[in-house]
Amino acid sequence: MKTKSFFISSLLFTGSLTLILMSMTLPNQEKPWIVPKKYEKMENPYLDAKDEDNVGRILYTKHCKSCHGKNGRGDGTKASSVDTPVPDFAKDAFKKETDGSLYYKSVFGRDDMPNFEKKITEEEERWLLINYMKTLAD
């Protein structure tokens, strides 16, 4: 009886250990990014604003280009060094995002995506960045 019990315990332990090790070696899959409804439904108050000073482009170049790439394809120089998949702005998944969702993700970040609350503090600048990002999706 002791042998059978030991065998079952060993089998369960080995199986659990195998599953844990396999989960650690599997490629990092993107987990869903839950955006609070407040932001999901947020309207872009600068949707039609003229960005004559190229604020959106300047902010993108300074803060986003290294991962997202010059044209927003997720192929920036740092993209391969992060664990989180870098989205391609030309893909349908990005194009379907609401402005509020893009705002939330861009400002608050998650995992490898940095938080920009303290780096981009002006609301208008945040929205001009979103507007610029959307031009890269075209």
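How many of the residues of helix H6 are buried? Keep that question in mind while you set up the view, and the tour will come back to it below.

**Before you start**

The model is a predicted one, in which local features need pLDDT of at least 70 and side-chain atom pairs count only at pLDDT 80 or more, while totals for chains, interfaces and linings use all residues. Residues are numbered from 1 along each chain as its sequence is written, and side-chain values use heavy atoms, with hydrogens and water left out.

**The whole chain**

Show the protein chain as a cartoon, and you will find seven helices and zero strands, where helices (H or I, at least four residues) and strands (E, at least two) are DSSP runs numbered from the N terminus. Followed from the N terminus on, the elements therefore read α-α-α-α-α-α-α. Of the 138 residues in the chain, 30% count as buried, a word that here means under 20% relative accessible area, with exposed meaning over 50% and partly exposed in between (1.4 Å probe, protein chains only). Among contacts between residues at least 6 apart in sequence, 61% join residues at least 24 apart, a contact being heavy atoms within 4.5 Å.

**Select helix H6**

Now select residues 99-108, which make up helix H6, and the opening question can be answered: nine of its 10 residues are buried, so that the helix is mostly covered. The buried residues are Asp 99, Gly 100, Ser 101, Leu 102, Tyr 103, Tyr 104, Lys 105, Ser 106 and Val 107, and what covers them includes H2, H5 and H7.

**Add helix H7**

Add residues 123-136, helix H7, to the selection, and you can see the two helices pack at an angle of about 110 degrees with their axes 10 Å apart; axes are lines fitted to C-alpha atoms, for helices over the stretch in contact, and angles run from 0 to 180 degrees between N-to-C directions. H6 and H7 are therefore roughly perpendicular to each other, since angles of 65 to 115 degrees count as roughly perpendicular, those under 35 as roughly parallel, those over 145 as roughly antiparallel and the rest as oblique.

Show the side chains next, and look for the place where Asp 99, Gly 100, Leu 102, Tyr 103, Ser 106 and Val 107 in H6 meet Glu 123, Arg 126, Trp 127, Ile 130, Met 133 and Lys 134 in H7. By class, this contact has six nonpolar, two polar and four charged residues, where Ala, Val, Leu, Ile, Met, Phe, Trp, Tyr, Cys and Pro count as nonpolar, Asp, Glu, Lys and Arg as charged, and the others, Gly among them, as polar.

**Look at the rings**

The structure holds eight aromatic pairs; rings of Phe, Tyr and Trp (its six-membered ring) pair if their centres lie within 6.5 Å, and planes under 30 degrees apart count as stacked, over 60 as edge-to-face and the rest as tilted. Select Phe 89 and Phe 94, whose ring centres are 4.3 Å apart and whose planes are at 25 degrees, so the pair is stacked; both residues are buried.

Go back to the two helices and select Tyr 103 with Trp 127, a stacked pair with 4.6 Å centre to centre and 20 degrees between the planes. Because Tyr 103 lies in helix H6 and Trp 127 in helix H7, the pair ties together parts that are 24 residues apart in sequence. Tyr 103 counts as buried at 4% relative accessibility, and Trp 127 is buried with a relative accessible area of 2%. Widen the selection to Tyr 39, Tyr 103, Tyr 104, Phe 108 and Trp 127, which form one aromatic cluster.

**Visit the loops**

Select Tyr 46, placed in the loop between helix H2 (37-40) and helix H3 (55-63). At 27% relative accessibility, Tyr 46 counts as partly exposed, and, leaving aside its neighbours within four places in sequence, Tyr 46 is in contact with Glu 123, Glu 124, Trp 127 and Asn 131.

Asn 54 is found in that loop between H2 and H3 too, and has a positive phi of about 55 degrees although it is not a glycine. Most residues other than glycine have a negative phi. Finish with Asp 111 in the loop between H6 and H7, where phi is again positive, at about 50 degrees, although Asp 111 is not a glycine.
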